[in-house]
Amino acid sequence: MSAATQCLPCEPSVDNGLECKIECSATASSDNRTGLVFEAGSKHFDRHNRFHKERPLRITSVQDYLSKAKPADNEQTIFERCHLLEGQELWLDDHDYLRVHVPGYMQRLDRISKCNCHNRLDIEAEQFKSIYFTNDSVSEAKAAASSLCNLVSRVASGDLDNGFAVIRPPGHHAEPGLAGGYCVINNVAVAAAYAQEKLGMKKILIVDWDVHHGNGTQRCFIDNPNVLYFSTHRYHGGNFFPFLQHGGPKNVGNGAGEGFNMNVGWNEKKMGDDEYLVVWEKLLMPIAEEFQPDLVLVSAGFDAARGDMGECDVTPECFARLTRRLKTLANGKVVCALEGGYVRSVLCKCIESVLRSLLDASSNDKCKEELQTFYKNVGENDMLGCIDPSAAKSIRETMKMHSNYWECLK
């Protein structure tokens, strides 16, 4: 919260603010069936910079951390409490990618996968924004998308309650015909289209809390009334990556999809727990409850976390609380897929926090308690008056643009 905020004291160590105070996770005896899958993409890396921030070590570090992480009152690690999906139980076919990516782009990726010339791979990469290729990059990207779809399939069928795909390369910047922003195939978009086509999930909510706008996911579903896309990200009038104007509040969707594309673009740095809690309660949750999704997919980037590179201030505890709120939708069918997050010590703690929330079978009760405290602390104030003024303005702009589409905003 900005220092200029006057309404509420919001220290995480006390229980009199909006900011999160999360208790230790539930014990294993009350765990949900939470699926967990890893795809490190070990053969996809920047050949010119082995220390590139988006590299396989992001995933293997999380895997190692979770294999050791456990609360003091629980003998099992997070790793042991989750249902680990190992090996490729499902490989997507060409048609699964063509639901969101255009044929010419997939043909281009196929040519890249057959190329053994490093110079040619570099020339291909230069055609896109912030991309590198090896000749194994495409197969690693397909493995990531397939792993996520396998997890979504298990959740949709009821074999699992929810899940987290810790995968790379990330996907939300990949457009129908373009790679970009370290993204080759749009994992979440492929999974959403797969869930609709093959798993009977008619209406899907995609929540993107990465610090960067998911321009690719937005483009994939811009005219689809059965996919509600919600993104909160740094925007700065289009002057923050991916440096596109259409990540702002005025882009509400096209044609039949009008009203189903929602962007809350921050125009200042340092947005933190209070701003995210308020945008959830003021905008996202009322609309999501009206939309009534069958499945919730989260583009779970953690570069908005405190201590990461996105210069925001969201704590791991807040990500857990946002997840708990999402679990009240779609009968708890929530699947997260890793996007950004590059400071490994921060990334590990954020993923652990979200997994504890996913595992916790009593999270709905905690949600009710947290909401009661939240509204008690807001009191008679407008909650938008209790956060950074710039953030409040961004939320109001999005609410105004969507007021004609949703009863809860009228």
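Eight strands form an open sheet in this predicted model. Their order is β2-β1-β3-β8-β7-β4-β5-β6, and the pairing is parallel. Helices α9, α10 and α12 offer two packing contacts to look at, one between α9 and α10 and one between α10 and α12. The mean pLDDT of the protein chain is 92, but residues 1-17 fall below 50.

**The sheet**
- β2 (83-84) and β6 (261-266) stand at the edges of the sheet.
- Each edge strand has a single partner strand, so one of its sides is left without a neighbour in the sheet.
- β1 covers residues 34-39 and pairs with β2 in the parallel sense over two bridges.
- Within this part of the sheet, L36 stands opposite L84 of β2.
- Helix α1 (residues 57-66) lies across three strands: β1, β3 (162-167) and β8 (334-338).
- The direction of α1 is at about 140 degrees to β1.

**Helices α9 and α10**
- Two packed helices are described by the angle between their axes and the distance between the axes.
- For α9 (residues 273-291) and α10, the axes come within 11 Å and cross at roughly 10 degrees.
- Angles under 35 degrees count as roughly parallel, and α9 and α10 are therefore roughly parallel to each other.
- On the α9 side, the contact uses D273, Y276, L277, W280, E281, L284, M285 and E289.
- On the α10 side, the partners are C318, R321, L322, R325 and L326.
- By class, the residues of this α9 and α10 contact are eight nonpolar, no polar and five charged.

**Helices α10 and α12**
- The axes of α10 (residues 316-326) and α12 (residues 363-378) come within 9 Å and cross at roughly 110 degrees.
- That angle makes α10 roughly perpendicular to α12.
- The crossing of α10 and α12 is left-handed.
- α10 contributes R321, R324 and R325 to the contact.
- α12 contributes S363, K366, C367, E370, L371 and F374.
- This contact of α10 with α12 has three nonpolar, one polar and five charged residues.

**Confidence**
- In the protein chain, 92% of residues reach a pLDDT of 70 or more.
- Over residues 1-17 the pLDDT is below 50, and this stretch has 33 contacts in the model beyond near neighbours in sequence.
- Residues 20-28 also stay under 50, with 30 contacts in the model beyond four places in sequence.
- Where pLDDT is low, the predicted coordinates should not be read in detail.

Terms used. Residues are numbered from 1 along each chain as its sequence is written. This is a predicted model: local features need pLDDT of at least 70, side-chain atom pairs count only at pLDDT 80 or more; totals for chains, interfaces and linings use all residues. Side-chain values use heavy atoms; hydrogens and water are left out. Axes are lines fitted to C-alpha atoms, for helices over the stretch in contact, and angles run from 0 to 180 degrees between N-to-C directions. Helices (H or I, at least four residues) and strands (E, at least two) are DSSP runs, numbered from the N terminus. Angles under 35 degrees count as roughly parallel, over 145 as roughly antiparallel, 65 to 115 as roughly perpendicular and the rest as oblique. A crossing is left-handed if the near helix is turned anticlockwise from the far one by less than a right angle, and right-handed if clockwise. Contact means heavy atoms within 4.5 Å. Ala, Val, Leu, Ile, Met, Phe, Trp, Tyr, Cys and Pro count as nonpolar, Asp, Glu, Lys and Arg as charged, and the others, Gly among them, as polar. Two strands pair if DSSP finds at least two bridges between them. pLDDT is the predictor's confidence in each residue, from 0 to 100.
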